[in-house]
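Hello,

The structure we spoke about is pasted below. My notes on one pocket and some salt bridges follow.

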Amino acid sequence: LAAVASGTSGDREFWDGQARRVLAALLHAAALGHKRMADVLGWVAEPDMAGREVPALLRRSGVAAFEQDAMQFLTTNERTRSSITSSVMPALGWLSHPAAAAAAEPGDGFDVARLLDGRATVFLLGAEEAQTAPLVCALTGHIAREARRLATGQPAGRLDPPLGLFLDEAALISPVPLESWTADMGGRGVTILCAFQSRAQLLARWGEHKAATILNNTAAVMVFGGTRDKADLEFWSTLAGERDERVVTTDLHGRVASRSVRKVPVLAPAQFANLPAGRVVVIRRGIAPVIGRARMAWRRRDVRGFERSVRRVDVRAAWAFRWAELRMWCDDLAQLGLAALAKRWPDRFRERFERRRDANAMFRELAIIHDQADQSDEAGHTRALPASGDEEAGR
């Protein structure tokens, strides 16, 4: 629901809170009855149908609060029910997207412990027009909560190996509760890196107080140039601090009349706005602001070295394949030659011809098996990735 929250006003927060209670109860009922997300959408759209199914399912639960929340929604007046429904329905809009709806079909579930043990990577892609933000937000939150739970059972309460959450356009696609995550996750072995268009985007999504909490909890900030928002520029300039600047005053004849010291910004707002491309200002606890250079990943030495090693492996594999083909061609020629000799002098060459023929047949079968194994491995890797590609969230 956080992905479709419409604001931070008192009324909106109240109805969003009611929507969370109702949706939690409906999801709990669906889990107890082995229902699908489409059934939950149907319950929200048709409360009369929900009134016939949901209470019976929630009676199986040992938590009475869920049944109370659901019954309050089902028995309330039409106006209140419509207000709650209008808050819940946008959060289920992703069910109209075929790929997103298929991701929510019943299955084995998502094993976060296996993800962490295998040091695997999950790419979550969403777009505002596709209405997939609620699903992306929910899965991101599930991974983070499970990681925090698993961390409590490990030495010092930290994940090993650690987890990295790299959230690009988090304000649009995955507005998770960063105000609490940034305060707690670092001590659990979870590193969070978020990218925003501006501080104004933070304020618009989380509000003034929560945005201030997020910035206060952040260990390091990288500010790129190009912003034109006056409030943002003044904020970062203030955060960069001030320095002493000596001022020398001279008279009309050039003689020194006075010397003084004044405070000036370390980086003026205009300097933030006009940072050259590829330059960033790093503001980190315990050190003065630093202007650094941001390099594209594919230009780094280690990445280029890895690409060269991959190319060398591909070249070796190509030569090995050509050499194998050449050897098979030579073996085929030898088989043809021995066949001709065996036909003319069977006593002398038939046995050698049969050995060559059997050996060639065996090597061809091994080559076919090897090719089939390679194809099945490629198909397995393809199945492990999202079919849609959907990737813009990762770096």
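Which element gives the most to the lining of the second largest pocket? Strand E2 does, with six residues. This is a predicted model, in which local features need pLDDT of at least 70 and side-chain atom pairs count only at pLDDT 80 or more, while totals for chains, interfaces and linings use all residues. Residues are numbered from 1 along each chain as its sequence is written, and side-chain values use heavy atoms, with hydrogens and water left out.

The pocket (on a 1 Å grid over the protein atoms alone, an open set of points where a 1.4 Å probe fits, with protein on both sides within 12 Å along at least five of seven lines; lining residues have an atom within 4 Å of a point) has a volume of about 1,800 Å³ (the space filled by probe spheres set on the points). Of its 44 lining residues, Leu193, Cys194, Ala195, Met222 and Phe224 are the closest to its centre.

There are 17 salt bridges (a side-chain nitrogen of Lys or Arg within 4 Å of a carboxyl oxygen of Asp or Glu). One of them joins Arg149 to Glu146 at 2.8 Å, N to O; both residues lie in helix H8 (133-151; helices are DSSP runs of H or I, at least four residues, and strands runs of E, at least two, numbered from the N terminus).

Arg148 and Asp184 also meet in a salt bridge, at 3.2 Å. Arg148 is in helix H8 and Asp184 in helix H10, so this pair ties together parts 36 residues apart in sequence. Arg148, Asp184 and Arg188 are linked in a salt-bridge network.

Regards
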